Amino acid sequence: MVVADFIEQLLNGVTLGMVYVLLAAGLSVIFGVMDVINFSHGELFALGAYFALSVVDPLGAGVGFWVALVAAPLLVGVIGAGIERLTVRPLYGRNPLYHILLTFGLVLVINDLIRLLWGTQQQQLAVPDFLGQPISFFSISLSLYNYFMIVFAALLAAGTWLLLNRTKYGMIIRAGSVDREMVRNVGIDIDRYYTLVFGFGAALAAVAGIVLGGYQNVNTGMGGSVIIPAFVVVVLGGLGSFRGAVYGGLLVGIVQTLMRTYSGTALFDLGGFPVAVPDLEGLTVFLLMIGVLLVKPQGLFGTRGAESEGGEGEILVGGESAVLGSDRRVKLGAITVGLLAIAPFALLSMGENFYVILLSEILIWAIFALSLDIVMGYAGLVPLGHTMFYGVGAYVSALVMLHLTSSFVVALLGAILLCMVLAWIVGSLSIRVSGVYFAMITLAFAELLYSTVFKLQFTGGSDGLLGFSAMMGIAGFGAPLSDIEFNLLGIELGPQVVFYYLALVLGVLSFLFARRVMNAPFGSVLQSIRESQERTEFIGYNVTRYKRRAFVISGGMAGLAGGLLAINPSVFVISPDATLAWIHSGEVIVMALLGGMGTLFGPMLGAGVFLGAEDILSSYTEQWRMIIGAIFVVFVLFVPRGLVSVPSLLASRGESGDEGSKLGIEESEVNTDD
């Protein structure tokens, strides 16, 4: 019976693994041919399942399921082709990391579109009755649908391989993936093939969504829940490797299923000591991903590591101002700080207490975005798991207040120091790779921490931590933040206002510190590394050491932002979803790019605009993320240097009149930032 149970779970793992194979095959085909990391792949996967629901509901499961299995992928394929033509194609030639940023915006758009059209309720995709029948042999009992999923996905994967390797179409796109210009010069419209490839990859994701929807359920979070495992599969197997997607998908599916079933299970007793399977459910695949990236960055079957690590295009960041000189920028900064200093008085006199809380939140995120700018805007590293420092900082600060002392000074120092240590460890391991692989390994570390927090008792598991409060003082001198209330100029000032000024002071100090560091020779070396790592190494700098130091500074600053979150009197619980979920890494990247990378003040401005827009839009519509996502896509395409570049763009447009008035479409027009 034990063997039968194991084989049954193994088959369940293969069933799940075949879904990952289809999902990862689409990702791999798109990356292998076009060098595009498609973060919206998970939402296209969900879109396929929802289209299938719309087909099955009126037609019934008997006929509707088979119709949906053909019609829904075709529809999603057309949408995928449209995405390539309208959004991805203009980015060819830029650093592949821009595709990650662009498709993150598409995630927000498509997910909210699904919520708008189909609602947020979980639904079941009906399958034909005969597929739900159980089949038993040798004490192994599985439904016929399991075997259908395995066989169907295997046939589809085999067909995809044959298409790419045994047809003229496949030969052309493989040739285009190696040398696009050569294919174009022989008279082939390679761009049209790229559109078809993207549409085909999207259709494969849709098929995976349909078969999994019939196996489990259909919900609005299904895209987000599969995209990280799908990336794990692709990275394990090797970016762009179809064979790697197959092996990696099966490996991840089996490991996930077996660990879910057997984690913590006692195996036997050895001399009075029980031997059990380690409880690593949720952690194993990320440990695998980190291990493979450290040992073989190009993955188990990847062959494109060297050319993909650095990326062919540059990351667009700010430069010297053409419209606003440095003196004028300093004056504007001073005016901004002055306005922020008097803002609580103006807001409280109008009875707008909520906006004091909102401004406090903006200041926290501004420090977080500033921390990201140090590594992304200056060192040219894009960490997709930067929220790990923000989350750890919040947890450390809350734990210090719960178990050691409620002094905010000690709590913040603890958050900063521990995050710097964490950043040194993660940085030492991650900086060994670069480009897309660096983004992926930091994402794996963040997901590892996110999953670990659920397992630890002292972190409160999924419920998080609550019951902490800060004291404004140290060594017993001071007062609890919640008790501070006083009257100034006839206005009652409470704990939230005190915290606001604390966040404002720390925000200004963080900016001044970052500016001092970046204007020092250390910052110049970082910018040199961003421009050309090889050249910097050639003139004698230890590039790895400089990157690691930047990562440590950035991690400590992100820890400060997380620590402030725990001290904020309007925050009552620190939970993994609110601090460590990967979506927060994406959001802070959006803020940095929205404001302008490599300018320090740009990401802080982006945090204000992002959260302000979120507050305004969410008061009018529940689909505010769709609008934010669309705005972000527009910025990636047309204003890649962020809001700080808008004055220069407008000035440039005014000088050139009507000629070349496409705002920021050509990179040559986007040459300054203010």
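Colleague: Does F31 count as buried or exposed?

Modeller: Let's check its relative accessibility. This is a predicted model, and in it F31 has a relative accessibility of 3%. Buried means under 20% relative accessible area, so F31 counts as buried. You will find F31 in helix α1.

Colleague: How far apart are F31 and V197, in sequence and in space?

Modeller: Along the sequence, 166 residues separate F31 and V197. In space, their C-alpha atoms are 9.9 Å apart.

Colleague: Let's stay with helix α1 for a moment. Is V3 buried or exposed?

Modeller: V3, also placed in helix α1, is exposed, with a relative accessible area of 60%. The cut-off for exposed is over 50%. V3 also belongs to a nonpolar surface patch of about 320 Å², which it makes together with F6, I7 and L10.

Colleague: Now a helix with two sides. Which residues of α6 are buried?

Modeller: Helix α6 spans residues 168-178, and its buried residues are G170, I172, I173 and G176. These residues lie on the same side of α6, because they cover an arc of only 160° around the axis. K168 and V178, on the other side of α6, are exposed.

Colleague: What covers the buried residues of α6?

Modeller: The cover includes four helices you can look up in the structure: α1 (2-34), α5 (144-166), α7 (180-185) and α8 (190-215).

Colleague: How should I read the faces of a strand?

Modeller: Start with the general idea: in a regular strand, side chains alternate between the two faces of the sheet. Now look at strand β2, residues 140-143. I140 and L142 make up its covered face, while S141 and S143 are on the uncovered one.

Colleague: How many bridges join β1 to β2, and how do the strands run?

Modeller: There are 4 bridges between strand β1 (residues 134-137) and β2, and the two run antiparallel. To find your place in the pairing, look for S136, which stands opposite S141 in β2. The two strands form a hairpin with 2 residues between them.

Colleague: What is the phi of F138 in the turn?

Modeller: The general idea helps here too: most residues other than glycine have a negative phi. In the turn of this hairpin, F138 has a positive phi of about 50°.

Colleague: And where does L600 lie?

Modeller: Go to the loop between α23 (582-595) and α24 (601-618), where L600 lies. Its phi is positive as well, near 70°, in a residue other than glycine. L600 is also buried, with a relative accessible area of 3%.

Methods:
Residues numbered from 1 in each chain as written. Predicted model: local features only at pLDDT ≥ 70, side-chain atom pairs only at ≥ 80, totals over all residues. Heavy atoms only, no water. Buried < 20%, exposed > 50% of the residue type's maximum accessible area, 1.4 Å probe, protein only. Arc of directions from axis to C-beta. Contact = heavy atoms within 4.5 Å. Pairing = 2+ DSSP bridges. Patch = residues over 30% accessible without salt bridge, like charges linked within 9 Å, V, L, I, M, F, W, Y side chains within 5 Å. Areas by Shrake-Rupley, 256 points an atom, 1.4 Å probe, with all protein chains shown as cover. Salt bridge = Lys/Arg side-chain N within 4 Å of Asp/Glu carboxyl O.
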